[in-house]
Amino acid sequence: MSARGVTITVNGEARSIACDPRTSLLDALREHLHLTGTKKGCNQGACGACTVLVDGRRINACLTLAVMHHGAEVTTIEGLATGDALHPLQAAFIDCDGLQCGFCTPGQIVSGVACINEGHASSAAEIQAWMSGNICRCGAYLGIIAAISQAAGRS
Amino acid sequence: MFPFSFDKVSTEDEALRAAAAGGRFLAGGTTLIDLMREEIEQPRHLVDINALPLAEIRAEGSDLLIGALARMADVAGHPETLRLHPLIAESLLEGASPQLRNAASIGGNLLQRVRCPYFRMRDAACNKRMPGSGCSAIGGLNAGHAIMGTSEHCVATHPSDLAVALVALDATLRVRGPEGERGFPVEDLFRLPGETPHLEHTLMPGELIVEVWVPGGPPARKARYLKVRDRASYEFALVSTAVALDIQDGRILGARIAAGGVGTRPWRMRASEAALIGKAPVREAFSAAAELAVRGARPLSGNHYKVDLLRRTIVRALEMAGEMT
């Protein structure tokens with residue numbers, strides 16, 4: 001199958017790659033652009049570790065093809081900090097112990113940023129429901145909810 | 001994943017031509033790409049239809065019209081959905097995760113394939129995946145499977161929450177294809193498995209769902225979706241029901257009841273609806289209606305619990321709807 005040219009603005013920078021149409025957005029980010037912050041967990045849309053923002057909306061990067069996103073703007077975990085200054089939700093995850101092993105954390109944080117932007121972080125119960133697409137096998141949920149609550153309160 | 005060719009189309013004519021040549025439509029991709037990776041689906045040519053102008057959500061009088069490419073999240077949060085058909089918003093938000101709801105289209109939601117584990121297990125017999133190979137669920141793990149509309153060839157439930165609400169609300173689909181445009185009830189989209197479980201829907205080859213039309217009226221106002229499942233969110237239904245009541249002067253003038261998680265397609269309970277007409281909206285009447293709903297249920301070895309759970313879910317949902325002002 002012939003490679004196709006795809007240009008995606010990733011974290012504010014236009015990036016062009018040539019990829020097989022089978023390439024998921026997740027594999028394009030990790031294998032072609034070497035942005036390995038976005039994690040491959042289940043690779044079937046169940047765990048949320050691959051959550052990225054596409055045109056501002058959180059989606060599972062594993063369940064979409066890179067060729068579907070020619071011209072789109074993608075934000076990954078690498079695009080949240082400003083220089084050395086962490087995004088407020090990144091700082092809140094550290095403050096609140098929102099992780100143990102850290103594998104799900106990039107997806108949790110990107111999803112959490114969207115959760116706050118959507119206005120779905122007004123209570124612990126609401127955060128639980130709207131973060132249900134992100135699984136944490138270490139069970140750091142209490143810290144994750146505390147971190148999102150803290151960042152939502154500040155923003 | 002097997003190789004395929006890929007085209008992005010910008011007009012409906014292009015889309016229909018590509019489909020007539022054997023292409024498969026690709027919208028959100030959340031079901032199709034997953035199944036392609038598992039090699040359960042093996043399309044040779046994908047037609048990306050996301051650029052078509054079919055994502056509009058609008059009101060026409062008291063009716064709600066939903067473009068087939070509207071995303072689950074956008075329909076659930078749209079002011080006209082919340083004003084005219086909060087039941088639809090409720091059913092959508094009970095399904096999937098926020099990430100999936102941002103990606104998945106309404107047309108794709110209705111056409112999503114079953115969640116029977118044997119369908120996804122390539123070394124297991126499955127008549128849906130490989131006609132004639134047998135059904136592993138009937139003698140296997142079947143706690144999540146159907147108790148109505150089953151056949152000796154397939155017992156998988158239809159997984160959509162939205163479809164249950166649309167069937168309860170008498171929604172209609174508008175589709176376009178090589179033969180032009182036609183409309184039919186959402187309920188008629190879904191086939192019973194019978195002897196041909198690999199045939200799941202009634203679209204003709206190359207037809208494209210363009211819009212869902214949901215009539216307004218009294219049932220829209222007292223309507224609830226109740227979903228019972230193994231965890232509180234992001235899980236498929238064990239049993240779900242969409243109910244709607246038209247109550248005037250303390251009597252039920254109209255009732256709609258449909259269930260998910262129990263049928264091989266979204267299951268409308270017309271005998272239960274008829275039994276409620278003229279009755280006061282009280283538990284006794286709801287229980288009698290629920291009793292009729294489970295008549296004819298054929299539980300499998302692992303899902304006898306669904307019979308009683310369906311009864312109780314219907315009663316509870318009717319009470320919740322009756323309490324709405």
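Colleague: Why are α5(B) and α8(B) called roughly antiparallel to each other?

Modeller: Helix α5 (residues 86-93) and helix α8 (residues 161-168) of chain B pack at about 160°, and angles over 145 degrees count as roughly antiparallel (under 35 is roughly parallel, 65 to 115 roughly perpendicular, the rest oblique). So the pair α5(B) and α8(B) earns the label. Their axes are 8 Å apart. An axis here is a line fitted to C-alpha atoms, for helices over the stretch in contact, with angles from 0 to 180 degrees between N-to-C directions. Bear in mind that this is a predicted model, where local features need pLDDT of at least 70 and side-chain atom pairs count only at pLDDT 80 or more, while totals for chains, interfaces and linings use all residues. Residues are numbered from 1 along each chain as its sequence is written, with chains lettered from A and ligands numbered from 1 in the order written.

Colleague: Which residues make the contact of α5(B) with α8(B)?

Modeller: From α5(B) come B:Leu87, B:Ile88, B:Ser91 and B:Leu92, and from α8(B) come B:Asp161, B:Leu162, B:Val164 and B:Ala165. Contact means C-beta atoms, placed from the backbone, within 7 Å. By class that is six nonpolar, one polar and one charged. Nonpolar covers Ala, Val, Leu, Ile, Met, Phe, Trp, Tyr, Cys and Pro, charged covers Asp, Glu, Lys and Arg, and the others, Gly among them, are polar.

Colleague: What makes α10(B) oblique to α11(B)?

Modeller: The axes of α10 (residues 283-293) and α11 (residues 305-322) of chain B come within 9 Å and cross at roughly 140°. That angle makes α10(B) oblique to α11(B). Among the contact residues are B:Phe286 and B:Ala290 of α10(B), and B:Ile314 and B:Leu318 of α11(B). The class count for this contact is eight nonpolar, one polar and four charged residues.

Colleague: Is the crossing of α10(B) and α11(B) left-handed or right-handed?

Modeller: Right-handed, and α5(B) passes α8(B) in a right-handed crossing too. The test is how the near helix is turned from the far one: anticlockwise by less than a right angle is left-handed, clockwise is right-handed.

Colleague: On to the sheets. How do you know that β4 and β7 of chain B stand at the edges?

Modeller: The open five-stranded sheet has the order β4-β5-β8-β6-β7 (chain B), with antiparallel pairing. Both β4 (57-60) and β7 (180-185) have a single partner strand, so one side of each is left without a neighbour in the sheet. Neighbouring strands are turned by 25° against each other on average, direction ignored.

Colleague: What makes β5 and β8 of chain B a pair?

Modeller: Pairing needs at least two bridges found by DSSP. Strand β5 (residues 63-67) and strand β8 (residues 208-214) of chain B have four, in the antiparallel sense. Within this pair, B:Leu64 has B:Val214 as its bridge partner. The elements themselves are DSSP runs numbered from the N terminus: helices are H or I with at least four residues, strands E with at least two.

Colleague: And which strands of chain B form the sheet with parallel pairing?

Modeller: That is an open sheet of three strands, ordered β1-β3-β2 (chain B). Its edge strands are β1 (5-8) and β2 (24-26), and neighbours are turned by 30° on average, direction ignored. Four bridges join β1(B) to β3 (residues 45-48), with B:Phe6 standing opposite B:Leu46 in β3(B). Helix α1 (residues 12-20) lies across β1, β2 and β3 of chain B, at about 165° to β3(B).

Colleague: How many residues does the contact between chain B and chain A take?

Modeller: 18 from chain B and 22 from chain A. On the chain B side, α6(B) gives the most, with five residues. By class, that side has nine nonpolar, seven polar and two charged residues.

Colleague: Where are the domain bounds in each chain?

Modeller: An automatic or database assignment sets them. Chain A has domain 1 (4-79) and domain 2 (88-154), with C-alpha centres 21 Å apart. There, 14 residues of domain 1 are in contact with eleven of domain 2, and β3(A) gives the most to the domain 1 side, with three residues. Chain B has domain 1 (5-50) and domain 2 (219-322), with C-alpha centres 36 Å apart.

Terms used
Two residues are in contact if their C-beta atoms, placed from the backbone, lie within 7 Å.
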